[in-house]
Amino acid sequence: MDIEPTPKLTRPGQRDLTSGPIGTTLIAFALPTLGSSILQSLNGSINSAWVGRLIGEDALAATANSNMVMFLASAFTFGFSMASSILIAQAFGRRDVDAARRAFGTAVGFFSLLGILVAVGGWFFSPDILGLLGTPPEAVPLADAYLRVIFFAMPPAILMIMTMMALRGSGDSLTPLWFMGLAVLLDSGLNPFFISGIGPFPEMGIAGSAVATTVANWTALIGLVIFIYVRDLPLRLRGKELAYLKPAGERLKTIVLKGFPMGLQMIVISLSSLLLIGLVNAEGVHTAAAYGVTMQLWTYIQMPAMAFGAAVSAMTAQNIGAGKWDRVGRITGIAIVQVLAITGAMIALFLLFERPALGLFLGLDSPALPIAIHIQWIATWSFLLFGITLVIFGTVRANGAVFVPLIILAIGLLPVRIGFAWLGRDWLGADALWWSFPVSTLVNLALAVLYFRSGRWKQARMTVSEAPRPIPQPAPL
């Protein structure tokens with residue numbers, strides 16, 4: 001096989017993650033990823049505000065039920081995308097552009113078929129899906145109208161997620177930020193026009209919100225593809241390379257087998273949250289409201305950990321591909337310091353301005369406000385531990401070790417967190433719910449450190465069997 005050398009990376013957003021100072025490279029690479037996460041969360045909040053204000057609470061409940069379905073689909077999309085991103089990053093690390101394009105082509109072909117199946121199946125089985133979720137009968141018509149349309153936003157959304165993660169694997173985290181910004185701008189901007197029929201737009205009610213998302217996703221995806229070819233980015237496929245789009249062979253097997261456990265991690269997190277909410281609801285409406293608002297703030301506090309976890313995966317995978325195992329441990333250590341600094345600053349900021357921040361959602365005279373403040377002081381600091389854990393997970397999965405992180409996460413979030421929250425009520429009362437966060441994150445961190453220090457993750461493999469050359473053997477960290 002002819003191995004094409006990696007093109008010279010001259011664009012400001014594209015970086016060689018295998019050389020140069022680790023600290024500045026890592027933070028410059030991670031910050032755009034963090035920005036993309038923030039934009040995505042803001043988009044969901046803005047769209048919910050449009051639906052709630054322009055249609056009403058029933059419509060908001062309908063979109064909430066539909067979004068649960070979208071989350072389940074996105075969870076496995078994330079896992080498969082991460083697997084393909086790691087394959088691409090390792091190929092870039094060993095300067096094998098052809099292998100990177102083969103992995104990218106396989107992922108595009110696979111995700112295109114997956115997106116079509118999701119869209120068509122969702123359209124026909126939307127009522128059955130809502131029935132399985134136990135959607136309240138009064139919300140079913142609105143939820144069905146929204147869900148049928150939003151399923152057609154899934155193919156471009158799936159391909160966008162995959163392509164953005166592939167670009168990060170190649171060392172480019174800025175391009176995904178720009179096109180995420182475009183999607184968010186179009187989606188949040190078009191929502192009121194399609195919902196209310198402003199100007200030449202038809203009045204579509206709740207379906208209009210889904211149409212806005214569909215238009216935004218397709219526009220951003222098409223724009224991203226055009227950009228990749230106009231700028232001749234390394235992952236573009238031309239001529240005979242278009243045959244790489246056939247989703248078959250060892251690369252597809254690797255993407256599925258390695259991606260499935262990473263997708264399951266998202267399901268474990270969701271399941272733990274649902275079980276805990278059931279325990280919280282038993283404490284009364286004020287406690288439930290306080291916890292709900294606290295979770296809104298935690299969404300933003302945990303973003304640095306998730307962004308750095310993804311950045312560490314890409315950077316570590318490139319260095320593993322390059323055989324530079326001496327940099328892997330340093331990347332992990334520097335990432336831990338950086339994520340602790342950023343997350344710690346955010347936690348301090350939230351705790352310093354906790355009353356006005358929580359008051360935006362509850363009102364300063366709400367009886368739920370003191371409960372929310374109490375929850376913050378008990379549990380929020382645990383996201384420091386969460387950040388370290390995600391950095392470690394990002395490192396080990398870059399070498400294909402994906403099953404042990406899933407097991408560790410499941411242990412911490414299910415038997416430990418839910419068990420402590422349930423059994424500890426006789427001892428701590430409602431505080432057992434909030435102390436379950438630091439207890440479970442401490443257990444997760446301890447197990448993650450033990451696994452990392454054992455070195456067993458270095459024996460895993462991500463590279464497919466038809467790789468052009470053997471992977472260099474890792475040296476001790």
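Here is a quick tour of this chain, from its overall make-up down to a few individual residues. The model is predicted, so keep that in mind throughout. It's an all-helix affair as far as regular elements go: the chain has 17 helices and zero strands. Of its 477 residues, 53% are buried.

**Overall picture**

- Look at contacts between residues at least 6 apart in sequence, and you'll find that 81% of them join residues at least 24 apart.
- The chain's accessible surface comes to about 19,900 Å², and carbon and sulfur atoms account for 70% of that area.

**Helix H1: a nonpolar patch and a buried Asn**

- Helix H1 covers residues 22-54, with Trp50 among them.
- Trp50 helps make a nonpolar surface patch of about 430 Å². Its partners in the patch are Ile38, Leu42, Ile46, Leu54 and Ile55.
- Trp50 counts as partly exposed because its relative accessibility is 30%.
- Asn43 is also found in helix H1, but this residue counts as buried, because its relative accessibility is 13%, below the 20% cut-off.
- What does Asn43 touch, once residues up to four places away in sequence are set aside? The answer is Val184, Asp187 and Ser188.

**The second largest pocket**

- This pocket has a volume of about 230 Å³. It is lined by 14 residues, and the closest to its centre are Phe104, Val108, Thr163, Val225 and Tyr229.
- Three helices each supply at least two lining residues: H3 (97-132), H5 (154-169) and H7 (206-230).
- Which helix gives the largest share of the lining? That would be H7, with five residues.

**Salt bridges**

- The count comes to seven salt bridges; a few of them are picked out below.
- Asp96 and Arg94 pair up through their side chains at 3.9 Å, N to O. That makes the cut, because a salt bridge calls for the nitrogen and oxygen to be within 4 Å.
- Buried or exposed, what is Asp96? Asp96 is buried, with a relative accessible area of 0%. Arg94 counts as buried too, because its relative accessibility is 13%.
- Arg102 and Asp98 form a salt bridge at 2.8 Å, N to O. Both lie in helix H3, four residues apart, which is about one turn of the helix.
- Arg102 counts as partly exposed because its relative accessibility is 26%, whereas Asp98, at 11%, counts as buried.
- Arg238 and Asp232 meet in a salt bridge at 2.9 Å, N to O. Arg238 counts as partly exposed, with 38% relative accessibility, and Asp232 is partly exposed as well, with a relative accessible area of 41%.
- Arg238 and Asp232 also belong to a network of salt bridges that links them with Arg101, Arg236 and Glu241.

**Helix H4: Pro141**

- Pro141 lies in helix H4, which spans residues 140-150.
- Why does Pro141 count as exposed? Because its relative accessibility is 56%, and anything over 50% is called exposed.
- Pro141 sits 8.9 Å from Pro127, C-alpha to C-alpha. Along the sequence, these two prolines are 14 residues apart.

**Helix H8: Val268 and its distant partners**

- Val268 is found in helix H8, which covers residues 249-281. At 11% relative accessibility, Val268 counts as buried.
- How many residues lie between Val268 and Ile407 in terms of sequence separation? They are 139 residues apart in sequence, yet 9.8 Å apart in space, C-alpha to C-alpha.
- Leaving out neighbours within four places in sequence, Val268 is in contact with Leu406, Leu409, Ala410, Leu413 and Leu414.

Key
Residues numbered from 1 in each chain as written. Predicted model: local features only at pLDDT ≥ 70, side-chain atom pairs only at ≥ 80, totals over all residues. Heavy atoms only, no water. Patch = residues over 30% accessible without salt bridge, like charges linked within 9 Å, V, L, I, M, F, W, Y side chains within 5 Å. Areas by Shrake-Rupley, 256 points an atom, 1.4 Å probe, with all protein chains shown as cover. Buried < 20%, exposed > 50% of the residue type's maximum accessible area, 1.4 Å probe, protein only. Contact = heavy atoms within 4.5 Å. 1 Å grid on protein atoms, 1.4 Å probe; cavity = no way out; pocket = protein on both sides within 12 Å on 5 of 7 lines; lining within 4 Å. Points joined across faces, edges and corners; volume = space filled by probe spheres on them.
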